[in-house]
Amino acid sequence: MSPWIDHQQPGIDHLVVLAATLDDGAAWCKRTLGVTPAPGGEHPLMGTHNRLLNLSSPAHPRAYLEIIAINPGAPHALAADARRWFDMDDERLQAQVRRQGPQLIHWVASVPDLAAAHAALAARGVDRGAVITASRPTSLGLLQWQITVRSDGQRLMDGCLPTLIQWGDRHPCYSLPASGVELQALRLAHPDAPALTGACAAAGLTPRVSVAHAALPRLEAVLSTPRATLTLASLSPEII
């Protein structure tokens with residue numbers, strides 16, 4: 001399946017699974033989804049690294065799973081008062097992952113015009129953070145993208161409000177082999193469902209996800225796997 005299908009339309013780019021280590025994340029993926037994730041790379045800007053799994057499907061033609069962890073001992077180029085993306089420096093979230101294992105924490109949405117989508121969210125009072133340029137080396141050359149990242153690293157709305165991304169010349173799915181796992185649907189639930197729905201609509205994403213009201217925030221990704229169809233769900237934040 002071509003990773004360039006619908007590249008001019010907003011859509012689900014990738015799901016983010018946070019792991020204490022990449023080895024933990026790879027073992028979780030094999031145990032949960034029945035497949036081993038492909039190698040990813042390092043993010044010098046953030047001091048993180050990842051492994052990837054192609055989730056492309058007819059409904060979501062450029063989608064993948066990112067298993068991400070802090071790269072131990074790796075330097076990063078962030079300012080002294082800045083934090084890593086996806087709340088990865090949040091001590092409570094780190095403790096939850098250490099106790100409960102790798103887990104779905106967030107999603108990233110691809111948009112064809114990041115500046116316009118960023119402005120649309122700002123007009124609704126949503127501070128999605130600065131637009132930064134990031135990259136990582138690959139065997140096929142430098143992979144480059146623009147992404148919204150707050151200096152405090154917050155995901156917003158408990159991870160239900162997506163980070164926005166716009167890719168350069170190449171998308172990761174271009175070189176990721178088919179995995180046998182496909183994304184069928186992404187469902188979001190949040191106590192402030194109207195605000196979440198409005199923000200997703202402003203970025204052009206409402207045709208790609210469903211939003212419902214719930215007492216606790218929750219992300220649910222419906223995946224077809226070589227074993228069965230399953231729902232990968234986020235965990236509610238622990239009270240510590």
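Reader: Which element gives the largest share of the lining of the second largest pocket?
Author: This is a predicted model, with local features needing pLDDT of at least 70, side-chain atom pairs 80 or more, and totals for chains, interfaces and linings using all residues. Residues are numbered from 1 along each chain as its sequence is written, and side-chain values use heavy atoms, without hydrogens and water. A pocket is an open set of points on a 1 Å grid over the protein atoms alone where a 1.4 Å probe fits, with protein on both sides within 12 Å along at least five of seven lines, and its lining residues have an atom within 4 Å of a point. Three residues, the largest share of this lining, come from β2.

Reader: What distance separates the end C-alpha atoms of helix α1?
Author: Helices (H or I, at least four residues) and strands (E, at least two) are DSSP runs, numbered from the N terminus. Helix α1 covers residues 22–33, so its 12 residues should span 16 Å at 1.5 Å a residue (times one less than the number of residues). The end C-alpha atoms agree with that, being apart by 16 Å.

Reader: Within what arc do the buried residues of α1 fall?
Author: Leu 22, Gly 25, Ala 26, Trp 28, Cys 29 and Leu 33 are the buried residues of α1 (under 20% relative accessible area; exposed is over 50%; 1.4 Å probe, protein chains only). They line one face of the helix, because seen down its axis (directions to the C-beta atoms) they fall within an arc of 160°.

Reader: Which residues are exposed on the other side of α1?
Author: The buried residues of α1 pack (heavy atoms within 4.5 Å) against β1 (11–18), β3 (48–54), β4 (64–70), β11 (218–224) and β12 (229–233). On the helix's other side, the exposed residues are Asp 23 and Arg 31.

Reader: What is the relative accessible area of Cys 160?
Author: Cys 160 sits in the loop between β7 (141–149) and β8 (163–167). Beyond four places away in sequence, Cys 160 touches Trp 107, Leu 188, Ala 189, His 190, Leu 196, Pro 217, Arg 218 and Leu 219. Cys 160 is buried, its relative accessible area being 0%.

Reader: Which residues is Gly 153 in contact with, leaving aside neighbours within four places in sequence?
Author: Gly 153 lies in the loop between β7 and β8. Gly 153 is buried, with a relative accessible area of 3%. Leaving aside neighbours within four places in sequence, its contacts are Arg 83, Arg 84, Trp 85, Phe 86 and Asp 87.
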